[in-house]
Amino acid sequence: MEKRLNKACVLLMAIAGMERFVFKGVASNLVTYLTEVMKMSNSSAAKMVNAWCGLTYLLPLLVAPLADSYWDRYSTVLSFSLFYVVGLMALTSTALESTWHPPTKPDYSPFLFWSLCLISVGLGGYNPSLQAFATDQLDNEEELPRSKDEKKSGKNSWFFQWWYFSICSGCLLGITFMSYIQDTFGWVLGFAIPTGAMIASVAFISCGNKICGYKQDANNVHDKPFQILLKSIRAIASKFKNGAISLPDERSELEELELQQKPLCPRSVGVIENLEKNPKNSHGSAISNGEVVLRLLPIWTMLLMFALIFQQPATFFTKQGMVMKRNIGSHFNIPPATLQSAINLSIILLMPLYDKMLIPIARLFTRDEKGINVMQRMGIGMFLSIIAMVIAALVETKRLEMIGRSGHAELSIFWLLPQYILLGGSDVFTVVGMQEFFYSEVPLRMRTMGFALNTSVFGVGSFLSALMISAIEFFTRGHSWFSDDMSKAHLDSYYWLLALASSLSMLLYIASCKLYRSPNGVEGSKRVFLRCP
């Protein structure tokens, strides 16, 4: 099978890379902006960044049902990109204001808060709809007939790997370039450049609509969101009244499966007629949507600790780097946030090797054509993230021991590189695996919701991180693990706690995978983390 993506997919990958340049250009160094410019404490800045990331990753859950049932994905992407641009412009104005009137005490500006909220709203509709719109272009291709299993293991995996490669390339540029600009030339220019890049991205989206295909699921032709909600409530009431749920008949389910296998085409008259003849199908569809989410919930929950670790590079890893030896020569200091680029660089280097080296080696052990299945892929990434936290704890322990002996630590910032590189390796496995898992385990009508479920893992993980910081501050008051004086902080204890909690989460993840059964039939028996002897 020739693995080649069409022009529309390539264009949308480039646009996704530009958006990641913008987001990482703001998010990767935001904790430094809050502590150095807005004069917030380390813990307050970390909690604000985590809460903002949590809101950003959770909002897709609210937008996705509307994008799936009522709005077309292209219009959703274009509309929410405008919120994104307005939020970036507002954030840039806060940097301009702080230049004119530098704060002398912690500044919890409402305008700063609402500018970040606007960015979150923009991202909430933009990201899942853009990725779902890109996968629509895969469905639009004229392909030779082949089995469902072959299609899924081929073009989809290829697409998700290179999609993640493109956004990691954008992240790499955003982190390295913008961190240097912000630390060297100031925050006004540091926020203005991402704003300009996002405006250019919107222009590309507007100009690229001629080569992109459009799709609307026939199941949603007649029902608007509030009608679907009303039917869902009626169906649930019927369940409690009659003790049973009216599910779609086998003919309806077969037609939906056939719709997923066909190339992009106009609305199916046959399906519309079936809906008109069998109005109970829409009731069953609403209930089955909830069943899909509930079936994925155990796996979703066990991924939360990985998402919590995912927040550390932009918060405490960066603060850790600020108190380490950062100079190269006598004139250049490495911006601490720049080390986050090691994550993206390792992803970019490992991604092409995944198919060429790692999968052939894995085939020798698993005797599976795919090498490893998607659940095994996510589990390997979780294991690597645990090792990264163990190394982070050991490095921080060494730094504190040096301070205890001599009063200062001349530990180079490059000691942090191993933990960044390992997190990059974990992303190649877990993050790409999550995208493919949530995409393939939901029906066609819930594709945007599938991507929203993926991002919501990181949203809830961000809020859990903020909650954990608050709880630890409460229990360690007087000797806080997150003291503003980094010589008195105990980030090593925090990292050990994360490693322990992640280990427990991974064990529960393995158990959940053994119990999970995919609805996709062919692969259902293979989707377990450990193969039975």
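# Salt bridges, aromatic pairs and burial

Me: How many salt bridges does a search of the whole structure find?
Reply: This is a predicted model, in which local features need pLDDT of at least 70 and side-chain atom pairs pLDDT 80 or more, while totals for chains, interfaces and linings use all residues. Residues are numbered from 1 along each chain as its sequence is written, and side-chain values use heavy atoms, without hydrogens or water. With a salt bridge taken as a side-chain nitrogen of Lys or Arg within 4 Å of a carboxyl oxygen of Asp or Glu, the number of salt bridges found in the whole structure is four.

Me: Which helix holds E473, the partner of K47 in a salt bridge that links distant parts of the chain?
Reply: The side chains of K47 and E473 meet in a salt bridge at 3.2 Å, N to O. The two residues are 426 positions apart, and whereas K47 belongs to helix α3, E473 belongs to helix α18 (residues 447-475); helices here are DSSP runs of H or I with at least four residues, strands are E runs with at least two, and both are numbered from the N terminus. The helix that holds E473 is therefore α18.

Me: Are E396 and R399 buried or exposed?
Reply: E396 forms a salt bridge with R399, with the closest N and O atoms 2.7 Å apart, and both residues lie in helix α16, three residues apart, about one turn of the helix. The relative accessible area of E396 is 0%, and that of R399 is 2%. Because buried means under 20%, exposed over 50% and partly exposed in between (1.4 Å probe, protein chains only), E396 and R399 both count as buried.

Me: How far apart in space are M402 and S487, C-alpha to C-alpha?
Reply: M402 is found in helix α16 (residues 374-406), and with a relative accessible area of 18% M402 is buried. In sequence, M402 and S487 are separated by 85 residues, but in space their C-alpha atoms are separated by 9.9 Å.

Me: What is the angle between the ring planes of F306 and F310?
Reply: The whole structure contains 21 aromatic pairs, where rings of Phe, Tyr and Trp (its six-membered ring) pair if their centres lie within 6.5 Å, and planes under 30 degrees apart count as stacked, over 60 as edge-to-face and the rest as tilted. F306 and F310 form one such pair, tilted and 6.2 Å centre to centre, with both residues in helix α13 (residues 304-310), four residues apart. F306 is buried at 4% relative accessible area, whereas F310 is partly exposed at 24%. The angle between the planes of F306 and F310 is 45°.

Me: Which residues form one aromatic cluster with Y494 and Y495?
Reply: Y494 and Y495 make a tilted aromatic pair, 6.1 Å centre to centre and with 45° between the planes. Y494 is buried at 0% relative accessibility, and Y495 is likewise buried at 0%. The residues that join Y494 and Y495 in one cluster are F316, F317, Y420 and F482.

Me: Near what value is phi of K39?
Reply: K39 lies in the loop between α2 (30-37) and α3 (42-58), and with a relative accessible area of 36% K39 is partly exposed. Most residues other than glycine have a negative phi. In K39, which is not glycine, phi is positive, near 60°.
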